[in-house]
Amino acid sequence: MSGLTGETTITADRLVLHPLRVADADEMVAVLADPVLHEFTGGRPATLEELNERYVRWVEGSGSATELWLNWIVRRRDDEAAIGTVQATVVGLHEQPEASVAWTIGTPWQRHGYASEATCGLVEWLRQQRIDSVVAHIHPDHVASAAVATRAGLHATDDVVDGEIVWRRSLKPTR
């Protein structure tokens with residue numbers, strides 16, 4: 001897992017996932033401005049100041065040797081426009097590493113397959129880093145996120161955490 005760092009750029013067919021920088025908040029505040037993005041997660045769109053503070057924390061990391069915070073800005077390859085984010089929180093680094101993944105695509109770019117493409121690219125990169133499994137927590141009514149998880153090879157489990165269904169995929173090679 002020597003390559004396991006949020007400093008890695010991940011490429012997909014139409015997208016490039018660039019490591020998150022604090023300066024990205026200037027562009028991302030508009031991408032994430034639609035209150036509809038909070039329908040299933042709660043809260044409201046962050047102000048520029050709040051997003052800057054959040055990105056500072058994310059870039060600094062968890063502060064724990066056993067938990068990594070990895071965050072990327074999703075950009076279209078053709079024009080480098082920021083359209084969303086993907087993230088992975090990796091735990092169990094020294095025994096059975098597991099990544100909890102999440103994605104957000106701004107409202108104007110939804111329904112074009114970008115969330116699936118970005119998430120599949122992230123999951124493949126995590127597999128290459130020898131992460132054992134990937135999980136996502138998805139609100140039971142969030143049909144679009146369930147579709148993204150399915151495309152990324154995750155399957156709904158019977159586990160529920162904070163009202164969200166736990167989706168899981170093993171990345172261990174089969175023998």
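V135 sits in strand β6, which covers residues 133-138. This is a predicted model, and in it V135 counts as buried because its relative accessibility is 5%, under the 20% cut-off. Around this residue we can lay out the sheet, a hairpin and an aromatic pair.

**V135 and its surroundings**
- Not counting neighbours within four places in sequence, V135 is in contact with E98, A99, S100, V101, L154, V166, W167 and R168.
- One of those contacts, V166, is 31 residues away in sequence, yet the C-alpha to C-alpha separation from V135 is 6.6 Å.
- V166 falls within strand β8, residues 164-170, and β8 comes right after β6 in the sheet order.

**The sheet as a whole**
- Eight strands make up an open sheet with mixed pairing, and they run in the order β1-β2-β3-β4-β5-β6-β8-β7.
- At the edges are β1 (10-11) and β7, each of which pairs on one side only.
- In a regular strand, side chains alternate between the two faces of the sheet.

**The β7-β8 hairpin**
- Strand β7 (residues 155-161) pairs with β8 in the antiparallel sense, over four bridges.
- Pick H155 and you'll find its bridge partner in β8 is R168; R168 also turns up among the contacts of V135.
- Two residues lie between β7 and β8 in this hairpin, and D162 in the turn has a positive phi of about 50 degrees.

**β3, β4 and the helix on top of them**
- β3 and strand β4 (residues 82-91) are an antiparallel pair with nine bridges between them.
- E67 stands opposite V91 in β4.
- Helix α2 (residues 48-60) packs on the sheet and touches both β3 and β4, with its direction at about 125 degrees to that of β3.

**Aromatic pairs**
- Searching the whole structure turns up two aromatic pairs.
- W72 and W125 form one that is edge-to-face, with 5.4 Å from centre to centre and 75 degrees between the planes.
- This pair ties together distant parts of the chain: W72 belongs to strand β3 (residues 67-76) and W125 to helix α3 (residues 114-128), 53 residues apart.
- Both partners are tucked away by the numbers: W72 is buried because its relative accessible area is 0%, and W125 is buried too, because its value is 7%.

Methods. Residues numbered from 1 in each chain as written. Predicted model: local features only at pLDDT ≥ 70, side-chain atom pairs only at ≥ 80, totals over all residues. Heavy atoms only, no water. Buried < 20%, exposed > 50% of the residue type's maximum accessible area, 1.4 Å probe, protein only. Contact = heavy atoms within 4.5 Å. Pairing = 2+ DSSP bridges. Phe/Tyr/Trp six-rings, centres within 6.5 Å; stacked < 30°, edge-to-face > 60°. Axes fitted to C-alpha atoms, helices over the stretch in contact; angles between N-to-C directions.
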